[in-house]
Amino acid sequence: SYSFCTLLDREAAKMISAKTLTQEELDNPKISPEQVLKFTGPTDGFLCSLAANRYGIEFMSFKIRDIESGAVLFQVERGEEDVQNQGGAVDETAARTIQYDFPCEFLKYRTVGTKLVFTVGPKPVPNFRMIERHYFRDRLIKSFDFNFGFCIPNSTNSWEAIYDMPKLTPEEQEDIMKHPFETKSDSFYFVNNELIMHNKADYSYQA
């Protein structure tokens with residue numbers, strides 16, 4: 001069954017609203033890992049701005065595969081030119097939101113693997129951590145917490161992670177398939193427990 005939090009945790013989760021944060025608070029967020037681990041639903045916006053990424057971290061490629069079969073389920077790559085040409089006005093929502101359209105079989109996978117390749121700017125990146133919260137209709141169904149560790153300046157890094165998929169009943173799987181893009185996730189990236197990046201995703205699982 002779905003995972004629910006206590007009423008106290010629900011109230012704690014409601015305390016942070018992107019709509020009430022000032023630009024200064026978005027540029028220099030004071031959101032902690034402990035806070036996001038209490039969230040019981042997707043946030044109503046981004047809890048930091050693109051400017052909060054003062055370590056110059058850029059995601060270059062991302063791949064999702066089924067661990068058992070090795071089949072690639074999703075893959076995207078960016079070239080150096082894409083990064084260099086992203087100057088000027090940027091749609092912060094579009095730049096940090098992705099929609100996944102997976103086959104319904106995805107819900108039956110037991111484990112999937114991801115590989116993220118990213119570059120780092122001129123500053124060292126200590127204690128790089130990602131917390132990812134997955135929800136269906138504002139109900140938490142899975143939470144992941146990964147630590148990459150230290151990244152040296154001006155480096156290209158590869159981050160591989162194994163996800164144990166949530167155990168869903170046939171009824172829950174059917175409900176998720178009937179409501180495309182109502183499954184959502186928030187990915188929070190921290191350096192030394194300071195929030196520097198926040199991305200969102202919507203998911204569809206169709207036959």
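In what order do the 4 strands of the open sheet lie, and in which sense do they pair? In this predicted model, the order is E2-E1-E4-E7, and the pairing is antiparallel. Strand E2 (72-77) and strand E7 form the edges, each pairing on one side only. From one strand to the next, the twist averages 15°.

The pairings within this sheet can be described individually. E1 and E2 run antiparallel and are joined by 5 bridges, with Lys63 standing opposite Gln75 in E2. These two strands form a hairpin with 5 residues between them, and Gly70 in the turn has a positive phi of about 80°. E4 and E7 are likewise paired in the antiparallel sense, over 9 bridges. Thr119 stands opposite Thr156 in E7.

The protein as a whole contains 6 helices and 9 strands. Of its 207 residues, 45% are buried. The exposed surface amounts to about 11300 Å², of which carbon and sulfur atoms supply 50%. When contacts between residues at least 6 apart in sequence are considered, 73% of them join residues at least 24 apart.

The largest nonpolar core comprises 34 residues, among which Ile57, Phe118, Val125, Phe128 and Ile196 touch the most other members. At least two residues of this core are supplied by each of strand E1 (58-66), strand E3 (97-103), strand E4 (111-119), strand E5 (125-136), strand E6 (139-151), strand E7 (156-164), strand E8 (183-191) and strand E9 (194-206). The greatest contribution, 5 residues, is that of E9. A second, separate core consists of 14 residues, including Ile16, Ala18, Tyr135 and Phe190.

The surroundings of Val125 were examined further. With its neighbours within four places in sequence left aside, Val125 is in contact with Tyr55, Ile57, Val120, Gly149, Phe150, Cys151 and Val191. Of these contacts, Ile57 is, like Val125, one of the core residues that touch the most other members.

A further buried position is Tyr100, which is found in strand E3. Its relative accessibility is 9%, and Tyr100 therefore counts as buried, the cut-off being under 20%. Beyond its neighbours within four places in sequence, Tyr100 is in contact with Phe62, Ile64, Phe74, Phe181, Ala201, Asp202, Tyr203 and Ser204. Tyr100 and Ser204 lie 104 residues apart along the chain, yet their C-alpha atoms are separated by 6.2 Å.

Helix H6 (residues 170-178) presents buried and exposed positions. Glu172, Gln173 and Ile176 are buried. Viewed down the axis of H6, the buried residues fall within an arc of 100°, so they line one face of the helix. These buried residues pack against E5, E8 and E9. The face of H6 turned away from the buried side carries Pro170, Glu171 and Lys178, which are exposed. Two of the strands contacted by H6, E5 and E8, also each supply at least two residues to the largest nonpolar core, while E9 gives the most to that core.

Note on methods: Residues are numbered from 1 along each chain as its sequence is written. This is a predicted model: local features need pLDDT of at least 70, side-chain atom pairs count only at pLDDT 80 or more; totals for chains, interfaces and linings use all residues. Side-chain values use heavy atoms; hydrogens and water are left out. A nonpolar core is a set of buried Ala, Val, Leu, Ile, Met, Phe, Trp, Tyr and Cys residues joined through side-chain atoms within 4.5 Å. Buried means under 20% relative accessible area, exposed over 50%, partly exposed in between (1.4 Å probe, protein chains only). Contact means heavy atoms within 4.5 Å. Two strands pair if DSSP finds at least two bridges between them. Axes are lines fitted to C-alpha atoms, for helices over the stretch in contact, and angles run from 0 to 180 degrees between N-to-C directions. The arc is that of the directions from the helix axis to the C-beta atoms. Accessible areas come from the Shrake-Rupley method with a 1.4 Å probe; for residues, only the protein chains shown count as cover.
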